[in-house]
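Q: Could you walk me through this model slowly, as you would for someone in their first year? I'd like a close look at the aromatic rings, and then a tour of whatever else helps me find my way around.

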Amino acid sequence: MTTKRETWRSHWGMIVAMIGTAIGLGNIWRFPYLCGKYGGASFLIPYVVLLFGIAIFAMMCEWVLGRHTKREPLGAFDKIKFPFGRDIGAWGVIGPFFLYSYYIVITSWVIFFVFASLEGLYFGKDTEAYFSSFLGSKWIFVVHFIAVCITSGILAMGVQKGIERACKIMIPTLFVLLIIVAIRSVTLPGAAEGIEFYMRPRWEGLLNVETWIAALGQVFFTLSLGMGAMLLYGSYMKDEWGIPMNALTVTLGNTSASILAGFAIFPAAFALGFGAVIGGAKSIGLTFFVLPKVFEVMPGGHIFGGIFFVLLAFGAISSAISIQEPAIAWLKEEASWTRREAALFTGIILWIMGLPFILNGFVQGGIGAKLALLSKMDIIIGQLAIPVFGILAIIAVGYFMGNRGFDEMNKNARVKLSHTWIKFWIRAIVPVFIGLLFMLTLIRVLQDNGIIPRVIPSAKDIEFTSIGITPMTVFMTIFICVIFWGGFIYFTVKVLTIERDKRRRVKRGLHHSR
Amino acid sequence: MDFTILADAKFGWIFVISEIVIIYLIFLLIHRVVERKIKKK
């Protein structure tokens, strides 16, 4: 017996689900932090180059592999007869499990901070000590359980009624809330210095190799590549939707959210006197120690803090459902389980797998000790395993699928990519860059843990001294906003117009047939 | 209960790596069993 495979219901639904996968904690805390650390707009230049030169092609390869085979990651690698395809594909199902096990713990912190902000629980307290005490409290168990129930519940409802519907609500809401917080932030007295910090290129950052390594890691991380999710979501795509333009729309949407997050954070932090702290803050610290302080002194901080953490929770949940989905798809398609049984089962296993990270929070000591286990899992899964799986998906499309892969990429595409050019790029350039990312990350992990002597010098924060808004800062702000927001709005309107025209044609057809 | 061991660097690496390896191998085993069942059908 074969059951009809699920697909996205609408083109717009597919776009928001893909953006939902891509937008997550990486956009809202990691991107602004890296921008600040590596010299504001001088981080954006390598970021944009690598995003459109490397990451977008890696994403298209995952979509091609998924849509061509119409299978979950394990079945996809097996179907194209990739060497050890089942074992490699199995990683695309089980690898995201490990990622989810700690990602959902961070999501649960965010959910707690929604209530903590609305109630003003951390107001007037040392935020670092408050966060530390929360990690060792009974509330972490409650919110972790709620977070697992939310993602499992959404997934139990299916691709169209669960994932697509949830993303159609969460992603536009996330953008609206982000715009509200960004407007509040840039209109605070003294916000100009924060905009200058964020948008003024500090050229010493551009010439720093570390900046390029960080940008390469960020472009891969931010598009949720190398974890099986994009491959699986690609398998739900209909053949009538062209891959290149949709990949461009998703990339622009994802980066628009990242840039907006920077405008929501930096101007407010500088306006309220936390500029010096934010420039050197660690990524987790930025969100859970520094921003609560900003909200505490911000007029209407209860509300804006609540809104900020709600949008962060939406981004985190939309990503978390995409990393739980490969295992559910495997249980459904290979083991013939129902979607509800699979969602319940994976939910229970993932809840159990998250418990060691929570119990680690009860250890006496600083934040570092309480997050020791979580950061180790992040190094292995989030930093090392992701590029490896990503590179294998690219090799599968570039070398094993051959012309079938490149034909699939151009199938029903309005703008077709030249076969000769795309073959060269995907076979030679993209794997080399991702391989380089993996090697550099591995070297950094080994040297940070004292296994090998220091080869890559540790990064220095780039000094910031305000010189006021210069024409260069104004140019960069306008350029970035027009390219990303303008591009995203243009393609979104285009997709919605095509959808509307299609609905009208279907209606007319039905009318005539009557 | 005392969970101090979870913050120990050496134990942490062993725990995380062995968790990944064991769960991955269990999954491969389950997959083989499921495949055999499908073939029998």
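A: Here is a look at the aromatic rings, followed by salt bridges, some loop and surface spots, and the other chain.

Keep in mind as you look that this is a predicted model.

Let's start with the rings. Over all chains, the count comes to 50 aromatic pairs. Take A:F113 and A:F131 as one of them: their ring centres are 6.1 Å apart and their planes sit at 50°, so this pair is called tilted. Where do A:F113 and A:F131 lie? A:F113 belongs to helix α5 (residues 85-119) of chain A, while A:F131 belongs to helix α6 (residues 127-135) of chain A, so the pair ties together parts that are 18 residues apart in sequence. Are A:F113 and A:F131 buried or exposed? Both of them are buried.

Now try A:F288 and A:F309. Here the centres are 6.3 Å apart and the planes meet at 25°, so this pair is stacked. The word changes with the angle: planes under 30 degrees apart count as stacked, over 60 as edge-to-face, and the rest as tilted. A:F288 sits in helix α15 (residues 283-297) of chain A and A:F309 in helix α16 (residues 301-333) of chain A, so this pair ties together parts that are 21 residues apart in sequence. A:F288 counts as buried because its relative accessibility is 1%, and A:F309 is buried too, with a relative accessible area of 0%.

Zoom out a little and you'll find that these four rings belong to one aromatic cluster. Its members also include A:W109, A:F112, A:Y122, A:F123, A:Y130, A:F134, A:F295 and A:F308. If you want to find the cluster on screen, try highlighting those names together with A:F113, A:F131, A:F288 and A:F309.

Next, the charged side chains. Searching the whole structure turns up 16 salt bridges over all chains. One of these joins A:K168 to A:E164, with the closest N and O atoms 3.8 Å apart. The two residues are 4 apart in helix α8 (residues 159-186) of chain A, which means about one helical turn separates them. How do the partners compare with the solvent outside? A:K168 is partly exposed at 32% relative accessible area, whereas A:E164 counts as buried at 1%.

Another salt bridge pairs A:R200 with A:E196, and there the closest N and O atoms are 2.6 Å apart. Both A:R200 and A:E196 are buried.

Then there's the salt bridge between the side chains of A:K502 and A:E240, at 2.6 Å from N to O. This one links distant parts of the chain: A:K502 is in helix α22 (residues 471-513) of chain A, A:E240 is in the loop between α12 (229-235) and α13 (243-271) of chain A, and they are 262 residues apart. A:K502 is partly exposed, at 33% relative accessible area, and A:E240 is partly exposed as well, at 41%. Salt bridges can also share partners, and that is how A:R67, A:K70, A:D239, A:E408 and A:K411 are joined into one network.

On to a couple of loop residues. A:K81 has a positive phi of about 60° although it isn't a glycine. You'll find A:K81 in the loop between α4 (73-79) and α5 of chain A, and it is exposed, with 68% relative accessible area. A:S336 also has a positive phi of about 60° without being a glycine. A:S336 lies in the loop between α16 and α17 (339-360) of chain A, and at 59% relative accessible area A:S336 is exposed.

For the surface, check out a nonpolar patch of about 400 Å², made by A:W139, A:F141, A:V142, A:I146 and A:I150. A:W139 lies in helix α7 (residues 139-156) of chain A and is partly exposed, with a relative accessible area of 46%.

Last stop: chain B. Chain B has 1 helix and 0 strands, and its C-alpha atoms fill a box of roughly 50 × 20 × 5 Å along the principal axes. Of its 41 residues, 29% count as buried. Chain B exposes about 3200 Å², with carbon and sulfur atoms supplying 72% of that. As for charge, chain B carries 7 positive and 4 negative side chains, and the centres of the two sets lie 23 Å apart.

Notes:
Residues are numbered from 1 along each chain as its sequence is written. Chains are lettered from A and ligands numbered from 1 in the order in which they are written. This is a predicted model: local features need pLDDT of at least 70, side-chain atom pairs count only at pLDDT 80 or more; totals for chains, interfaces and linings use all residues. Side-chain values use heavy atoms; hydrogens and water are left out. Buried means under 20% relative accessible area, exposed over 50%, partly exposed in between (1.4 Å probe, protein chains only). Accessible areas come from the Shrake-Rupley method with a 1.4 Å probe; for residues, only the protein chains shown count as cover. Lys and Arg count as positive and Asp and Glu as negative; His and the chain ends are not counted. The place of a charge is taken as NZ of Lys, CZ of Arg, CG of Asp or CD of Glu. Patches are made of residues with over 30% relative accessible area and no salt bridge: like charges are joined within 9 Å, nonpolar side chains (Val, Leu, Ile, Met, Phe, Trp, Tyr) within 5 Å. A salt bridge is a side-chain nitrogen of Lys or Arg within 4 Å of a carboxyl oxygen of Asp or Glu. Rings of Phe, Tyr and Trp (its six-membered ring) pair if their centres lie within 6.5 Å; planes under 30 degrees apart count as stacked, over 60 as edge-to-face and the rest as tilted.
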